[in-house]
Amino acid sequence: MRKGCLLFFVAILLISHLSIVAAQSNSDYLQSLEGEASELDLDNKTKNANQSSNAASSVSKEWSGQGGAIFKLTPGLSFDQFEVVLKNNYIGSFLFYKRLSNSQKDRVFKFYQDNPDPSKIREKILQVSKE
Amino acid sequence: MTIRLLLLLLPMALSNAHALDVKLTPSRDFVEVIHQSKLIKIQRIQDQDHTLEGGFAKTSRKCPPFCIQPMQAAEGVKTIGQLEIFDFMEKELLDETGLIIDARTPAWWKRGTIPGSINIPFTVFALDVDDPQLIDMMHILGAKRRGEVGGFTRTIESFGLMGGDQKNDEWDFTSAKKLVLWCNGMWCGQSPRAIKGLLELGYPADKIMYYRGGMQGWQSLGLTVVVPE
């Protein structure tokens with residue numbers, strides 16, 4: 001009986017020791033990670049490339065030179081205006097749209113002229129892109 | 001005659017001026033991706049004399065913990081390279097059936113990340129199954145926490161019926177997204193840990209991919225990085 005109790009006590013001690021060791025090793029790992037991260041510096045040239053590729057902000061500038069930005073797919077936009085609004089506000093759909101052929105783009109634009117509802121236009125773009 | 005020839009050649013010369021000398025592949029100049037609601041163009045540094053600078057030029061870090069990782073992070077998990085990531089960005093990421101996960105701790109993420117990535121530190125996947133942070137993150141990945149599941153239902157599911165191969169007692173992975181996990185590169189154990197955590201939660205291995213090259217591979221090719229806002 002005494003032997004059994006002793007074994008049980010040793011097992012408990014061993015388990016708690018192992019979990020403490022595991023927790024300690026996790027915390028050491030996190031500490032090492034934080035130490036490495038604090039010294040990290042990225043190559044400036046890759047960062048510069050990123051700054052010049054911010055299409056969203058360059059689009060806003062284009063519009064500010066034309067008497068203010070248009071943010072909605074309101075009826076009556078020209079083809080160019082339609083594309084810029086799409087790019088400014090529906091980037092995901094725009095990425096699909098820009099891969100379409102010119103004739104497919106025309107079809108989307110004609111669809112917009114009849115249905116200036118953003119959700120329907122997005123569906124149309126997806127539908128045409130799958131053809 | 002000479003002027004005519006020049007006029008004819010001028011548009012060609014101008015169009016060539018825009019072509020990149022350092023492309024991604026012979027037929028691909030760049031890839032565009034949405035990152036934090038902005039369109040980011042991923043391309044390579046065009047300066048062919050440039051050599052890598054900064055933290056990712058460093059070759060040696062203490063091992064352990066920064067040891068070389070195996071090619072395969074876990075059984076059933078595919079290891080991929082940069083080209084597969086570009087394809088993933090243009091397909092799964094764009095149609096919202098996939099996510100690219102920067103599995104590093106926030107301190108690394110803040111210094112710069114691969115465009116299109118979201119940050120879910122590997123530590124999240126080791127949280128208790130009822131932890132709200134884990135539940136939130138799993139929800140982002142498309143996995144749903146299950147309520148009480150009856151023994152009868154689980155028995156039927158265990159035969160692969162009722163979508164049982166995509167479910168366990170805790171989670172429903174039926175709508176789980178395809179994932180690409182990455183960290184700092186071949187010497188980094190953060191994304192392998194995240195992958196193991198996900199598999200322990202029951203996330204289907206065939207929906208997980210491991211980009212072993214990580215940030216080091218990305219930087220060594222001079223690819224665009226973004227510093228999160």
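This is a short talk on a predicted model of a complex, taken chain by chain and then feature by feature.

Let me begin with confidence, since what we have is a prediction. The predictor gives the complex an ipTM of 0.78, and the pTM is also given as 0.78. For chain B the average pLDDT is 91, and 92% of its residues score at least 70. Residues 11-16 of chain B, however, have a pLDDT below 50, and beyond near neighbours in sequence this stretch makes zero contacts in the model. I will leave that stretch aside.

Chain A can be described briefly. Its secondary structure consists of seven helices and zero strands, so that, reading from the N terminus on, the order of elements is α-α-α-α-α-α-α. Of the 131 residues in chain A, 31% are buried. If we take the contacts in chain A between residues at least 6 apart in sequence, 50% of them join residues that are at least 24 apart. The chain exposes about 8,400 Å², with carbon and sulfur atoms supplying 57% of that area.

Now to chain B, and to strand 8, which covers residues 178-182. With which strands does strand 8 of chain B pair in the parallel sense? One partner is strand 4, residues 98-102, which pairs with strand 8 in the parallel sense over five bridges, and within this pairing Ile100(B) has Val180(B) as its bridge partner. Another is strand 9, residues 208-211, again parallel, here over four bridges, with Val180(B) standing opposite Met209(B). Val180(B) is therefore a convenient residue to click on, because it has a bridge partner in Ile100(B) and stands opposite Met209(B) as well, in a strand that has four of its five residues buried and is largely enclosed by the rest of the structure. Strand 8, helix 6 (residues 190-201) and strand 9 of chain B together make a right-handed β-α-β unit.

Two cysteines of chain B can be mentioned at this point. Cys183(B) is buried, with a relative accessibility of 1%, and Cys188(B) is likewise buried, its relative accessible area being 1%.

Let me turn to helix 2 of chain B, residues 82-93, in which Glu92(B) lies. Is Glu92(B) buried or exposed? Its relative accessible area is 17%, and because the cut-off for buried is under 20%, Glu92(B) counts as buried. Leaving out residues up to four places away in sequence, Glu92(B) touches Asp87(B), Thr97(B), Gly98(B) and Lys178(B). A little further along, in the loop between helix 2 and strand 4, we find Glu96(B), which is exposed at 59% relative accessibility. Glu96(B) has a phi near 65 degrees, a positive value in a residue other than glycine.

A positive phi also turns up in the hairpin of chain B. Strand 1, residues 31-35, pairs with strand 2, residues 38-42, in the antiparallel sense over five bridges, and Val33(B) stands opposite Ile40(B) in that pairing. The two strands form a hairpin with two residues between them, and in the turn Gln36(B) has a positive phi of about 45 degrees. Ser37(B), in the loop between strand 1 and strand 2, is not a glycine either, yet its phi is positive at about 65 degrees. With a relative accessible area of 59%, Ser37(B) is exposed.

My last stop is the loop between strand 2 and strand 3 (78-80) of chain B, where Pro64(B) lies and where Pro65(B) has its place too. Which peptide bonds here are cis? The bond from Cys63(B) to Pro64(B) is cis, with omega near -5 degrees, and the bond from Pro64(B) to Pro65(B) is cis as well, with omega near 15 degrees.

Cys63(B) also takes part in a disulfide, being joined to Cys67(B) with an S to S distance of 1.9 Å. The count of disulfides over all chains comes to one. The link of Cys63(B) and Cys67(B) is right-handed, with 100 degrees about the S-S bond. At 47% relative accessibility, Cys63(B) counts as partly exposed.

That is where I will stop, and I am happy to take questions.

Key:
Residues are numbered from 1 along each chain as its sequence is written. Chains are lettered from A and ligands numbered from 1 in the order in which they are written. This is a predicted model: local features need pLDDT of at least 70, side-chain atom pairs count only at pLDDT 80 or more; totals for chains, interfaces and linings use all residues. Side-chain values use heavy atoms; hydrogens and water are left out. Buried means under 20% relative accessible area, exposed over 50%, partly exposed in between (1.4 Å probe, protein chains only). Contact means heavy atoms within 4.5 Å. Accessible areas come from the Shrake-Rupley method with a 1.4 Å probe; for residues, only the protein chains shown count as cover. Two strands pair if DSSP finds at least two bridges between them. A crossover is right-handed if, with the strands pointing away from the viewer, the path from the first strand over the helix to the second runs clockwise. A disulfide is a pair of cysteine sulfur atoms within 2.5 Å. pLDDT is the predictor's confidence in each residue, from 0 to 100.
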